[in-house]
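Dear colleague,

I am passing on the structure below, together with some notes on what turned up when I went through it. Please read the notes with the model open beside you.

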Amino acid sequence: MRVRVSKAAARRFLLYAQGLLEVPGVIQPWAKELRGRSGLLRALERLEAVQLDPIAVVERNHHLVLRNRVGGYRPEHLDGLFAAGQVFEYLANARCVLPMRDLPDFWPIMLAARQLPARAALADVMTDVLRRLYREGPLPPRALGNDGPRLLGLGYNPPDKASKASGRAIDLLWLGGEVFVARREGNEKWYDLAEQVIPRNVAADLPGDFSNLRSPLLRAHAGVGAGGQETGPERAGDSAHGAGAREEGGGGEGERRALPGDSPVLTGVDVSRPWSTPDVGAGQAEWQRFLLDKYMRAYRLVDLGDFRFGWQSYPSARRRALAAEKVAKGEWVEVEVDGVRRRYFALAEDRPCLEAAGDWEPRRTVRFLAPLDNLLWRRERLQDLFDFDYTWEVYTPAAKRRFGYYAMPILYGDRLIGRLDPKLDRENGVLVVNRLQLELDGVDRRGLETSLEKALYAFARWHGAEDVRILQRG
């Protein structure tokens, strides 16, 4: 099945699906409908995933994404969802915040991740991390492994620089679903045992017999039998929403078990920090189908050249076969966009909206998009549908940057019209715009300056700033 639409229809549909479009009398943006913590959870469920990023020249990426889609959004609202056990972090498009309802579908990849070879080399360190969390409750990585072994030349570290082995141990435990992010304080993650974080009703839906969520490493240490019965120290007190219980104890710098030796250095251990979803084997076809469906619901308009297709490392022939299978089953439709060579696919249920979107007349509202906003995940799609070339220059050497370190695309109605490179001067309460660059060919400019100024000051006030200073235009 195939549908043909104009560029305008394709981009308006995409903005509608992403909650960013307003068509007077027809479509409301999500921010006018979704408010508060309950609205935030619905927005996350509609988006499927929101990418996390630590950079904070203004507020962090995930908060900027949600601000554009949830009325009255504040970062503490997302903190509240973590505290209530309604969201979790895992790998999807990258490291993302996800609705807790999806955890049972992610569980197979977590179990598969427990077979990673690096776990054998770091088993002792992982056990030490689990033991600390068992005794003390949630802890940040900085509180763990300070007297433990080090790893040389890992990730961005030069060959002669060591990092704490506990950091990679936490990564492996997190990938394996044995520890979860219980909360965030700014950019700092606080980890806790799975049994304390996963709500009981979600734990009951995990595939297989997972009434006891405790890591095998911790069961071996604490003396827990296969049936989940404690043979070690008595435990007391259920967590607020977790499936298990925890010893009473502190939540900060407490007792530590010293590892043998004087901070030994481990070499030859492949435990690089994960950046994309691990692949699963052919025996996990059902999980792959779930992930492909979730990917499609998140992107809503996809092409087979996307290296993230299905959030798995599929060869091109497999991508074509999967798309053909979905079309044959009537689940997807092929989409031809006028003037675009690339072929796209959409959910069959979205066909009526795609075909109607060309007649929509969007309100020309200004929004500033975070560099990793869901709309921007596929840069080639921006070029095809918006005629907009976007590169996030945060990793580009300063001398080679064209638009700025944290340049954020500017959405005006259904057009991307330029970039804003902001920086928050927190001490003086000023939003500094290092550069404001506009591309206005073919854009109806009526009301643009007023809308732009209004959006800038609203953006500043949301950050706690009262003034805006633009250093460079054009």
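**An enclosed helix**

In this model, which is predicted, 11 of the 11 residues of helix H9 (residues 165-175) are buried, so this helix is largely enclosed by the rest of the structure. The buried residues of H9 include nonpolar ones such as Ile170, Leu172 and Trp174, but Arg168 and Asp171, which count as charged, are also on the list. H9 is followed by Gly177, whose phi is positive, near 70°.

**Helix H13 and the core**

Helix H13 covers residues 285-299, and at 1.5 Å a residue its 15 residues should span 21 Å; the C-alpha atoms at its two ends lie 21 Å apart, which agrees with that expectation. Among the buried residues of H13 are Trp287, Phe290, Leu291, Leu292, Tyr295 and Met296, and Gln288 and Lys294 are buried as well. Just after H13 comes Arg300, which takes a positive phi of about 70°.

In soluble globular proteins, nonpolar side chains tend to be buried together. Here the largest nonpolar core holds 146 residues, of which Tyr90, Leu103, Phe106, Val335 and Phe368 touch the most other members. H13 gives the most to this core, with 8 residues. If residues up to four places away in sequence are not counted, Val335 touches Val3, Val5, Leu301, Arg343, Tyr344, Phe345, Ala346 and Leu354.

**Cavities**

How many cavities of 30 Å³ or more does a search of the whole structure find? The search gives 2, and the second largest has a volume of about 30 Å³. The second largest cavity is lined by Ala17, Gln18, Arg46, Leu47, Arg297, Ala298 and Arg300, and the elements that give two or more residues to this lining are helix H3 (36-47) and H13. By type, the lining residues divide into 3 nonpolar, 1 polar and 3 charged. Arg300, the residue with the positive phi just after H13, is thus met again in this lining.

**Leu382**

Leu382 has its place in helix H16 (residues 379-386), and with a relative accessible area of 1% it falls under the 20% cut-off and is therefore buried. Leaving aside neighbours within four places in sequence, Leu382 is in contact with Leu375, Leu376, Asp387, Phe388, Tyr390 and Leu416. One of these contacts, Leu416, is 34 residues from Leu382 in sequence, while the two C-alpha atoms are 8.9 Å apart in space.

With kind regards

Note on methods. Residues are numbered from 1 along each chain as its sequence is written. This is a predicted model: local features need pLDDT of at least 70, side-chain atom pairs count only at pLDDT 80 or more; totals for chains, interfaces and linings use all residues. Side-chain values use heavy atoms; hydrogens and water are left out. Helices (H or I, at least four residues) and strands (E, at least two) are DSSP runs, numbered from the N terminus. The expected span of a helix is 1.5 Å times one less than its number of residues. Buried means under 20% relative accessible area, exposed over 50%, partly exposed in between (1.4 Å probe, protein chains only). On a 1 Å grid over the protein atoms alone, a cavity is a set of points where a 1.4 Å probe fits but cannot get out, and a pocket is an open set with protein on both sides within 12 Å along at least five of seven lines; lining residues have an atom within 4 Å of a point. Grid points are joined across faces, edges and corners, and a volume is the space filled by probe spheres set on the points. A nonpolar core is a set of buried Ala, Val, Leu, Ile, Met, Phe, Trp, Tyr and Cys residues joined through side-chain atoms within 4.5 Å. Contact means heavy atoms within 4.5 Å.
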